[in-house]
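User: I want the reasoning behind the labels for this ligand site. Take me through it step by step.

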Amino acid sequence: MIDVRAMCAIGQRGQLGLHGRLPWEGNTDPLFVEDVTRFFAETQGHVLIAGPKTIEAVPEFAFKDRTIDIIRSHEDPQAVLARYPGRRIFVGGGIAVWNVYAPFIQQWDITRLPYDGDADRWFDPAWLVGGALRTA
Ligand SMILES: NC(=O)c1ccc[n+]([C@@H]2O[C@H](COP(=O)([O-])OP(=O)(O)OC[C@H]3O[C@@H](n4cnc5c(N)ncnc54)[C@H](OP(=O)(O)O)[C@@H]3O)[C@@H](O)[C@H]2O)c1
């Protein structure tokens with residue numbers, strides 16, 4: 001079985017992104033800073049696959065000690081995951097990526113931060129059950 005995980009931070013109501021960045025970008029409160037530090041520590045040495053906008057925001061240093069792969073909508077998810085046999089793969093978003101890769105994710109690591117402002121990207125709880133919520 002391939003080791004496929006996801007790690008993300010959300011605001012109080014599931015806020016994920018704003019204007020292509022984290023909604024709380026620039027907030028120097030230790031809670032926010034530590035969350036970003038933990039993300040890069042946990043993903044170090046592993047594979048991070050994500051959409052183009054998410055990867056655009058990844059700092060230069062992070063490319064040195066992990067494998068980073070910009071994935072695109074024309075690619076078959078199973079073929080993407082098969083590129084990294086034996087590796088731990090973090091699916092880093094964004095929205096359309098998690099919509100498609102949710103069925104493959106075995107572990108979600110979600111931090112709910114004390115942010116309650118605007119967002120234009122939102123967490124979808126359906127991802128936690130592989131993208132399918134029960135309707136009855
Ligand atoms: N809070 C967090 O933890 C967190 C984590 C990640 C992202 N974010 C935020 O989310 C925002 C960026 O996410 P985004 O959704 O706007 O853009 P994105 O990261 O570029 O991800 C979406 C894009 O991924 C591509 N893609 C790759 N494989 C796909 C597939 N199988 N099916 C569909 N699309 C696929 C598509 O682009 P193409 O059609 O061009 O290939 C799609 O438009 C930013 O604000 C960022 O800060 C937050």
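**Ligand and pocket**

User: Which residues are closest to the ligand, and what makes a residue count as near?

Analyst: This is a predicted model. A residue is near if one of its heavy atoms lies within 4 Å of the ligand. In this model 24 residues surround the ligand, and the closest are Ala9, Thr54, Arg72, Ser73 and Arg121.

User: Why is the Ser73 pair called a polar contact?

Analyst: The cut-off is 3.5 Å between N or O atoms. A polar side-chain atom of Ser73 lies 2.5 Å from an oxygen atom of the ligand, so the pair is a polar contact.

User: What makes the backbone pairs of Lys53 and Gly94 qualify?

Analyst: For Lys53, a polar backbone atom is 2.8 Å from a ligand oxygen. For Gly94, a backbone N or O atom lies 3.2 Å from an oxygen atom of the ligand. The limit is 3.5 Å, so both pairs count. The protein covers 83% of the ligand's own 930 Å² of accessible area.

User: How do you know where the ligand sits?

Analyst: The test is that more than half of its atoms lie within 2 Å of the grid points. The ligand sits in the largest pocket, so that test is met. About 1300 Å³ of space lies in this pocket.

User: Which element gives the most to the shell around the ligand, and which to the pocket lining?

Analyst: For the shell, α4 gives the most, with six residues. For the lining of the largest pocket, α1 gives the most, with eight residues.

How values were computed: Residues are numbered from 1 along each chain as its sequence is written. This is a predicted model: local features need pLDDT of at least 70, side-chain atom pairs count only at pLDDT 80 or more; totals for chains, interfaces and linings use all residues. Side-chain values use heavy atoms; hydrogens and water are left out. On a 1 Å grid over the protein atoms alone, a cavity is a set of points where a 1.4 Å probe fits but cannot get out, and a pocket is an open set with protein on both sides within 12 Å along at least five of seven lines; lining residues have an atom within 4 Å of a point. Grid points are joined across faces, edges and corners, and a volume is the space filled by probe spheres set on the points. Helices (H or I, at least four residues) and strands (E, at least two) are DSSP runs, numbered from the N terminus. A polar contact is a pair of N or O atoms within 3.5 Å; within protein, one must be able to donate a hydrogen and the other to accept it, and residues adjacent in sequence count only if both atoms are side-chain atoms. Accessible areas come from the Shrake-Rupley method with a 1.4 Å probe; for residues, only the protein chains shown count as cover.
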